[in-house]
Amino acid sequence: MPTLLQIESSPRSGSVTSKLAAKYVAAWKRQNPGGVVIQHNTAKEELPYIDEAFIAASYTAPEQRTAEQKTALALSDRLVDELLSADEIVLAVPMWNFGIPASFKSWIDLVARVGRTFQYSKTGVEGLVKAKKTVVVTARGGAYAGDSPYNFLDQQEPYLRTVLGFLGVKDIQFIHAENQSRAPELAAAGLQHAENVLATATA
Ligand SMILES: Cc1cc2nc3c(=O)[nH]c(=O)nc-3n(C[C@H](O)[C@H](O)[C@H](O)COP(=O)(O)O)c2cc1C
């Protein structure tokens, strides 16, 4: 059964990224009737930061883990299972302070697991996530994409490309709704642009 993993990370009821992700999911459901959508909102679920017990457990060989260590990894294991089972992924990520929300970073810290989503080999690091296609919808108060003079401030797209690529996700499309904190007509144009790109991506 086709599976879509939908991870949102805005706590806002009027979230632009959540709205765009919902459009993506609706189109995916039309194309995949009977498909399964696994949904999370990292902000609303308040995903925990990883701690010392988690780190020790994740770097202990699975067959040597104590019951406590298995418990420390339980949430992470569930999130990793979801990620590995997904055929497609849609990530809804606001730009916060030029990067990503801390709760979304928590999701990344929980799913970046040695032996499960990446492994070291003689030739280097190998990503183990084989999802076919990943779409990242973002919203920003300003504009950073393309030839914007503020492009160098964008720590969101480069970071996400790096870490998702590290985990093995190769086919990544970013859809940016920019200028969301600017004048209403600029914000509307930024949203319309993102909706147009999204409509093409899901056609
Ligand atoms: C805590 C916080 C930090 C933000 N930092 C930035 C920023 O660094 N650059 C920017 O262009 N917009 C920034 N914004 C504006 C958001 O990116 C914009 O409001 C976006 O629409 C948020 O996504 P959402 O609508 O899905 O919540 C920030 C907003 C908040 C609440």
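How does the radius of gyration of the protein agree with that of a compact globule of 203 residues?

**Figure 1. The whole chain, seen as a predicted model.** A compact globule with 203 residues would have a radius of gyration near 17 Å, and the protein comes in at 18 Å, which agrees. Put a box along the principal axes and the C-alpha atoms fill roughly 60 × 40 × 35 Å. Of the 203 residues, 35% count as buried. If you like contact maps, here's one to keep in mind: among contacts between residues at least 6 apart in sequence, 77% join residues at least 24 apart. The protein has 7 helices and 7 strands, and from the N terminus on they run β-α-β-α-α-α-β-α-β-β-β-α-β-α.

**Figure 2. The open sheet and its edges.** Here 5 strands line up in the order β2-β1-β3-β6-β7, with parallel pairing. β2 (36-41) and β7 (172-177) stand at the edges with a single partner strand each, so one side of each is left without a neighbour in the sheet. From one strand to the next, the twist averages 15°. As a reminder, strands of a sheet pair through backbone hydrogen bonds, either parallel or antiparallel.

**Figure 3. The β1-α1-β2 unit.** Zoom in on β1, helix α1 (residues 16-31) and β2, and you get a right-handed β-α-β unit. The strands β1 and β2 run parallel and are joined by 6 bridges. One pair to pick out is T3 with its bridge partner in β2, V36.

**Figure 4. β6, β7 and the helix across them.** Strand β6 (residues 133-139) runs parallel to β7, and 6 bridges join the two. Among the residues to look for is T138, whose bridge partner in β7 is H176. Helix α7 (residues 184-201) lies across both β6 and β7, and runs at about 155° to β7.

**Figure 5. One face of helix α5.** Which residues of α5 (residues 102-111) are buried? They are S103, F104, S106, W107, L110 and V111. Seen down the axis of α5, these buried residues fall within an arc of 150°, so they line one face of the helix. The spacing is a familiar one: an α-helix has 3.6 residues a turn, so residues three or four places apart point the same way. And what do the buried residues of α5 pack against? Their partners are β1 (3-8), α4 (74-85) and β3 (88-94).

**Figure 6. The β4-β5 hairpin.** Strand β4 (residues 118-121) and strand β5 (residues 124-127) run antiparallel, with 4 bridges between them. The hairpin that joins β4 to β5 goes through 2 residues. In this view, S121 stands opposite G124 in β5.

**Figure 7. L167 and its surroundings.** L167 sits in the loop between α6 (157-166) and β7. Is this loop residue buried or exposed? L167 has 21 C-beta neighbours inside 10 Å, and the cut-off for buried is 20 or more, so L167 counts as buried. Setting aside neighbours within four places in sequence, L167 is in contact with A112, T117, F118, G127 and V129. Of these contacts, F118 belongs to the stretch of β4 (residues 118-121) and G127 to that of β5 (residues 124-127). Q192 is another matter: 25 residues apart along the chain, L167 and Q192 have C-alpha atoms separated by 31 Å.

Notes:
Residues are numbered from 1 along each chain as its sequence is written. This is a predicted model: local features need pLDDT of at least 70, side-chain atom pairs count only at pLDDT 80 or more; totals for chains, interfaces and linings use all residues. Two strands pair if DSSP finds at least two bridges between them. Axes are lines fitted to C-alpha atoms, for helices over the stretch in contact, and angles run from 0 to 180 degrees between N-to-C directions. Two residues are in contact if their C-beta atoms, placed from the backbone, lie within 7 Å. A residue is buried if 20 or more other C-beta atoms lie within 10 Å of its own, exposed if 12 or fewer, and partly exposed in between; C-beta atoms are placed from the backbone. The arc is that of the directions from the helix axis to the C-beta atoms. The radius of gyration is taken over C-alpha atoms; the globule rule is 2.2 Å times the number of residues to the power 0.38. A crossover is right-handed if, with the strands pointing away from the viewer, the path from the first strand over the helix to the second runs clockwise.
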